[in-house]
Structure formats: C-alpha cells, structure tokens
Amino acid sequence: MSAAPAPTASNGDDVSRPGHVAIIMDGNGRWATSRGLPRAVGHERGVEALRRTVEAAQKLGLETLTVFSFSTENWRRPASEVSALFGLLKAYVKRDLDRLTREGVRIRVLGTRAGLPADILALVERAEQRTRDNAKFNLCIAFNYGGREELVRAAQAAIKAGLEGKLDPDSLNEDTFEQFLDTSDLPDPDLLIRTSGESRLSNFLIWQAAYTELVFMDVLWPDFGESHLREAIETYMARERRFGGLASGAA
Ligand code: IPE
Ligand code: IPE
Ligand code: MG
C-alpha cells in the first residue's frame, strides 16, 4: 500500500515562514462588556483590528490571510447582534474594497451563501468579481462559515458530479475531494491563531487545519495588532512540523 502524499507547508520554498495564516477573531464581546460598553462596540473595534491585521499581514509578506468573521453557529445569537455583524461586514467591504483592489488583494468569501440577505450576497459577489485577477495577496473572509457545513456541501457537490457522470467515484481521494471545498484553490493554513484565550476550533477549517500549527493567544481581538501577529509567527517558526514523519535529524 502506498502512503498518502505528505502534506507540506504552503510556501514550499521557505518552510520556516508561514504563507497562509488563519485567525479566529474572538473576544469582541468580552472586550466591550469589560468596559461597560455594548457588545456591538466590541465588534466595531474588531473591524479596526481586522484592518490593522490585513495591513500587517501584507507588510510581513504573508500570501494568504483567512479570518473567521461569522460562523453558521453565530445565528444562535440575538437578532440584533447578528444584524450588527452583517452591517459591519457590509461597511468593511464598502469602505475598503477600492483600496484592497488597488493593492492587488484578491478577496474570497468562504461559507454558505444560503440564508444570506440579498444586499450582502450582492456585495460579496462584487468584491470577489472585482478582485478575481489580483494575485499579490489573498484575503479570505469566512462569513456564514462552518467546517461541517462546508464538508456536507462538498459531499453533495461530489455526489452530484458522480450522478452527472463527471466524477468517477473510484477517483475520489483527498486531492479530488478538495476541489469541492470553498478553499479549493488555496493551500492549507500553516498557522492558525485564536485570540481571547479559548482553545478550540469552533468548527473553523476542520478539514484544512488537519496539520496546521495552532497558536492560542490571550489577547482579545479588538486589541490585536502587528505585534501579536509577529509574536504568533515567531512561535510558529520555533516549532517543528513533522506531518507524521520523524523529527529532522532523527532518521
Ligand atoms: C468574536 O467575538 C466575533 C464573533 C464571534 C462574531 P465574540 O462576539 O465571540 O466575543 P466574545 O467571545 O463573546 O467575547
Ligand atoms: C468563533 O467564535 C466564531 C468567530 C470568531 C466568527 P465564537 O465566539 O462563536 O465561538 P465559541 O462559541 O466560543 O466556540
Ligand atoms: Mg466568542
């Protein structure tokens, strides 16, 4: 039996530096309530942290940044908070799209489009269309995203392709299955950061993060900035990725 091909770091030429960083932007609510402010203010400050972090990621030479901004489970929150979060995504894309387009950023929105209001859908499609030929930096926004939902949608698409005669079921393997994921043309994240001190994935990139290095930081998301991103990258660079093999020098 031949072994599955070993996963590799996303930027094959320099495995010590992460090419793709994913972030679970958590702690907006706690940031606000600890100051006696409404949670929505924490989310507003969270957008500022996102802006700073995208800029820092570009400056530090990353290729791809994927941020978790609204999960399929976040629908469980009060309607007022959900609509505040939707409003903030709209405001962010509207305000930053021209600049990001000029800077060569390609925007992708991961997650299901089902259940999204028409104005958000139109904006998401416009952002993806306008930036589709950009290749300097990838910004992926996971919005209405859940890892299990993504896997079920991918399975549905694979079954459909099979029924239509476009996919031989025997040819389905890890590589061919990935084509049905929202991240089909992206490398897996090398480093995943979660802020706010929680140590869980909360259904984020559960397929893609199989071999990702996880870094949990105590900082609340609205306080996050370039120094935290640098710190997480340094932690990552001090780690040894083995992908199931042996430690270097052990063979
Ligand atoms: C992250 O902050 C933003 C979203 C999940 C949308 P939270 O709103 O989860 O903040 P905490 O975890 O309640 O502090
Ligand atoms: C994960 O954070 C989702 C986002 C950051 C968008 P949550 O705050 O929703 O996660 P749990 O509920 O603490 O696991
Ligand atoms: Mg949270």
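These legends walk you through close-up views of a predicted model with two ligands.

Residues are numbered from 1 along each chain as written, and chains are lettered from A and ligands numbered from 1, both in the order in which they are written. Because this is a predicted model, local features need pLDDT of at least 70 and side-chain atom pairs count only at pLDDT 80 or more, while totals for chains, interfaces and linings use all residues; side-chain values use heavy atoms, with hydrogens and water left out.

**View 1. The residues around ligand 1.**
Welcome to the first site, where 13 residues surround ligand 1; a residue belongs here if one of its heavy atoms lies within 4 Å of the ligand. Asp-26, Gly-29, Arg-30, Arg-39 and Arg-77 come nearest. The shell holds two nonpolar, six polar and five charged residues (Ala, Val, Leu, Ile, Met, Phe, Trp, Tyr, Cys and Pro count as nonpolar, Asp, Glu, Lys and Arg as charged, and the others, Gly among them, as polar). Helix 1 (28-33), helix 2 (39-59) and helix 3 (79-102) each supply at least two of the shell residues, and helix 1 gives the most, with three. Helices (H or I, at least four residues) and strands (E, at least two) are DSSP runs, numbered from the N terminus.

**View 2. Polar contacts of ligand 1.**
Look here for pairs of N or O atoms within 3.5 Å. Oxygen atoms of ligand 1 lie 2.7 Å from a side-chain N or O atom of Arg-30 and 2.7 Å from a polar side-chain atom of Arg-77. At Gly-27, a backbone N or O atom is 3.3 Å from a ligand 1 oxygen. The protein covers 87% of the 370 Å² of accessible area that ligand 1 has on its own (Shrake-Rupley method, 1.4 Å probe).

**View 3. The surroundings of ligand 2.**
Among the residues around ligand 2 are Ile-24, Met-25, Phe-68 and Arg-194. Asp-26 and Arg-77, met in the first view, also belong to this shell. Strand 2 (residues 64-71) gives the most to the shell, with three residues. By class, the shell has four nonpolar, three polar and four charged residues.

**View 4. Polar contacts of ligand 2.**
A polar side-chain atom of Ser-202 lies 2.6 Å from an oxygen atom of ligand 2. Side-chain N or O atoms of Arg-200 and Asn-74 also face ligand oxygens, at 2.8 Å for Arg-200 and 2.9 Å for Asn-74. Of the 390 Å² of accessible area that ligand 2 has on its own, the protein covers 78%.

Key. Polar contact = N/O pair within 3.5 Å; in protein donor to acceptor, adjacent residues only side chain to side chain.
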